Amino acid sequence: MNDGCLSTRADIQAAQLKKLNALLEAIIPTNKFYTKKYQDAGFKFPLNSLDEFYANAPFTTKHELVEDQKNHPPYGTNLSEPIENYVRYSQTSGTSGYPMRWLDTQESWDWVAGNWMNIFREVGVTPADRVFFAFSFGPFLGFWAAFNAAERIGCLCIPGGAMSSVGRLQTMFSNNATVLCCTPTYALRLAQSARDERMDISRCGVKKIIVAGEPGGSTPSVRQRIESEWNARLFDHHGMTEVGPVTFESLEHRGVLHPLEPNYLVEVLHPDTLEPVESGETGELILTPLGRSASPLLRYRTGDMVRVSWDNQKKYGRPEAAFPGGILGRYDDMVIVRGVNLYPSAIDEIIRRCGDAVEYRVEICAKASMTEMKILVEPAAGYDHPETLPHRLSTELYKTYHLRIPIETVSPGTLPRFEMKAKRWIRTHE
């Protein structure tokens, strides 16, 4: 991406090594967090190879970063420049615990926005597009960088903060928006709102929908439903506040995410052994952003699970790594029920495939002896026989996992609706 013609894995790796050495030179010894961490590990640079980095560089975890910010409030010691050089503040959603604060200098923010510009170009967004951002502009990185990137490309950017769903739909229609950026959940919610208001969004000008924040964008049933409702092409993407925008889905290959190499150093490791997985196997995504030196991350354990493919020139016509099926879920979100590993994205696929459920919630009860699961589903308005929905879902779940999972229906309007990341999995303990 923006590195000339990189036609092979060897080209990418050579560019990554050059950028990695430049990154290390920029942050050590000015960055207190990594200087101490890497000195304690006996790490030396410059590096002669990426393998040298993999063999000697320690990992970074979210727990370390959180503890550093708790011990050195408010921003911790993972800063490579004086505080007066920073111009952007972001904060993680804190869905898995203590939220992290993240700062960017203008240079590092330009790198983040530049990655989003690459994503837009990969999916065919041009200056002629009008991009609507259906999210509240809070402190998380979210679509802030996408908004800035679309401005830099020359698109008309339409913010949708502080609007109702109907208000957002009306704004999209009246401004002839051609691109919609939101979560998969919210794309479906907007479609439901349009039906309630008798607005035909299939005739709307939106032709591309770029989703992020949840695994659903690469889930076939979710994708099919969104594209059918909107009469538009859906593109998946994922990123994190602390690492920036990471992946894109190309025009040619649906449901396959590619990381923005060589701007990121990408590893996929077994989450328990931390050994590299083979092509076609599933592991944890480990990332080193190579251009965000002001607030760097080295070998960051994202917790995201992917199935990786490395040799992709023949398969996908490009040398970057590939993640078929997108982000499968988070390692810490996986639930083991009677010996079966279950990820939220897999349950979501089955529920969406069955249709007729406008919303759902998964209740997980961790008892002393085992973990049990129950699913609450809210039938779509006007569904003629809601009493049949639990049986259909139960049958599909049993066919897939050989598990009997209790399914209960709830009254319309009972379950919460979500604009950003949906919180459908609720855990309790007995």
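**Exercise 1. Find the charge that lies over the face of Trp109, and its distance from the ring centre.**

Solution. Start at Trp109: Arg88 lies over its face, at 4.0 Å from the ring centre. Keep in mind that this is a predicted model. Next, turn to Tyr398, where the charged end of Arg404 sits over the ring, 3.9 Å from the centre.

**Exercise 2. Classify the ring pair of Tyr34 and Tyr38, and place it in its helix.**

Solution. A pair of aromatic rings is described by the distance of the centres and the angle of the planes. For Tyr34 and Tyr38, these are 5.7 Å and 75 degrees. Planes over 60 degrees apart count as edge-to-face, and that is the class of this pair. Now look at the helix: the two residues are four apart in α2 (residues 32-40), so about one helical turn separates them. Finally, check accessibility: both Tyr34 and Tyr38 are buried.

**Exercise 3. Do the same for Phe137 and Trp144, then find the cluster they belong to.**

Solution. The ring centres are 5.0 Å apart and the planes stand at 85 degrees, so Phe137 and Trp144 are edge-to-face. Phe137 is partly exposed, because its relative accessibility is 26%; Trp144, at 30%, is partly exposed too. Follow the ring pairs onward and you reach a cluster whose members include Trp116, Phe120, Phe143 and Phe147 as well as Phe137 and Trp144.

**Exercise 4. Describe the lining of the second largest pocket.**

Solution. This pocket has a volume of about 330 Å³. Of its 18 lining residues, Tyr54, Val266, Glu267, Pro276 and Trp310 are the closest to the centre. By element, β12 gives the most, with five residues. By character, the lining divides into 10 nonpolar, two polar and six charged residues.

Conventions
Residues are numbered from 1 along each chain as its sequence is written. This is a predicted model: local features need pLDDT of at least 70, side-chain atom pairs count only at pLDDT 80 or more; totals for chains, interfaces and linings use all residues. Side-chain values use heavy atoms; hydrogens and water are left out. On a 1 Å grid over the protein atoms alone, a cavity is a set of points where a 1.4 Å probe fits but cannot get out, and a pocket is an open set with protein on both sides within 12 Å along at least five of seven lines; lining residues have an atom within 4 Å of a point. Grid points are joined across faces, edges and corners, and a volume is the space filled by probe spheres set on the points. Ala, Val, Leu, Ile, Met, Phe, Trp, Tyr, Cys and Pro count as nonpolar, Asp, Glu, Lys and Arg as charged, and the others, Gly among them, as polar. Rings of Phe, Tyr and Trp (its six-membered ring) pair if their centres lie within 6.5 Å; planes under 30 degrees apart count as stacked, over 60 as edge-to-face and the rest as tilted. Buried means under 20% relative accessible area, exposed over 50%, partly exposed in between (1.4 Å probe, protein chains only). A charge sits over a ring if NZ of Lys or CZ of Arg is within 6 Å of the ring centre and within 35 degrees of the ring normal.
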